[in-house]
Amino acid sequence: MTQKLVLRVVGRELPGAECGGFRDVHVGVQRGREPEGLVRADAPEAVWEFEVAVAAAPDGTPDFKGPYAQGKRGERFFYLTWGELPPGGGFAMFRRAKLFFADLPGEVLAAGSGVAELGLTDPAGLPLCAAVRPPRVTWRATASRPAPSAGPPSA
């Protein structure tokens with residue numbers, strides 16, 4: 001049996017639109033190979049909401065599927081992708097942060113929805129990248145609600 005899981009990611013403390021030699025910095029959640037819901041990195045907050053499917057793997061553990069789920073079974077994750085987006089230009093990715101579905105508390109799975117909160121600037125003042133695990137990201141269950149119909153909202 002497959003269930004739907006609605007996730008909301010709230011990023012705060014963005015590094016700024018100019019940082020580490022990069023200009024016009026934006027961040028989005030990665031859907032397939034493309035960023036979605038791009039937010040300029042000098043915004044006070046970035047928010048994305050998306051849906052993943054959860055099915056039982058052969059060993060009984062949850063397996064996450066859909067266009068936001070990356071990686072192989074048992075190691076799935078989603079990306080927050082950073083890039084430059086100059087006016088009139090295309091998005092040029094330069095780093096990504098990886099958040100793991102395995103870190104979701106059982107309460108989030110049981111509720112069918114949850115919120116992640118995290119700061120998006122690393123200790124050097126650059127865009128957060130690499131593996132992001134608790135306590136750097138905190139998850140909590142929320143009341144279940146319908147998934148978004150047209151991509152993630154952004155702030």
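Contact here means heavy atoms within 4.5 Å. The model shown in every view is predicted.

**View 1. L7 and its contacts beyond the local sequence.** Neighbours within four places in sequence are left aside here. L7 then touches W48, E49, F50 and V52. The contacts of L7 also take in F101, L104 and V108. G114 and W139 complete the list for L7.

**View 2. The largest nonpolar core, with 35 residues.** L7 is among the residues with the most contacts inside this core. L5, W48, F78, L80, L104 and L118 share that standing. Several elements each supply at least two core residues. Among them are the strands β1 (2–12), β2 (25–31), β4 (45–56) and β6 (77–84). Also on the list are β7 (92–100), β8 (113–119) and β10 (137–141). Helix α1 (106–111) contributes at least two residues as well. Strand β4 gives the most to the core, 5 residues.

**View 3. A55 in strand β4.** A55 is buried, since its relative accessible area of 18% falls under 20%. With neighbours within four places in sequence left aside, A55 is in contact with M1 and T2. A55 also contacts T61, P62 and D63. K4 lies 51 residues from A55 in sequence. Their C-alpha atoms are 8.9 Å apart in space.

**View 4. The largest pocket, holding about 160 Å³ of space.** T61, P62, D63 and F64 belong to the lining. So do G74, E75 and R76. F101, A102, L104 and L109 complete the lining. Strand β5 (residues 62–65) provides the largest share, 3 residues. By character, the lining residues divide into 6 nonpolar, 2 polar and 3 charged. Two views meet at L104: this residue lines the pocket and is among those with the most contacts inside the largest nonpolar core. T61, P62 and D63 line the pocket and are also contacts of A55.

**View 5. C19 and C129, two cysteines outside any disulfide.** A search of the whole structure finds 0 disulfides. For C19, the nearest cysteine sulfur is that of C129, 11 Å away. For C129, the nearest cysteine sulfur is that of C19, again at 11 Å. A disulfide requires the two sulfur atoms to be within 2.5 Å, so this pair does not qualify. C19 is buried, with a relative accessible area of 7%. C129 is partly exposed, at 28% relative accessibility.

Note on methods:
Residues numbered from 1 in each chain as written. Predicted model: local features only at pLDDT ≥ 70, side-chain atom pairs only at ≥ 80, totals over all residues. Heavy atoms only, no water. 1 Å grid on protein atoms, 1.4 Å probe; cavity = no way out; pocket = protein on both sides within 12 Å on 5 of 7 lines; lining within 4 Å. Points joined across faces, edges and corners; volume = space filled by probe spheres on them. Helix = DSSP H or I, 4+ residues; strand = E, 2+ residues; numbered from the N terminus. Nonpolar A, V, L, I, M, F, W, Y, C, P; charged D, E, K, R; others polar. Buried < 20%, exposed > 50% of the residue type's maximum accessible area, 1.4 Å probe, protein only. Core = buried A, V, L, I, M, F, W, Y, C linked by side-chain atoms within 4.5 Å.
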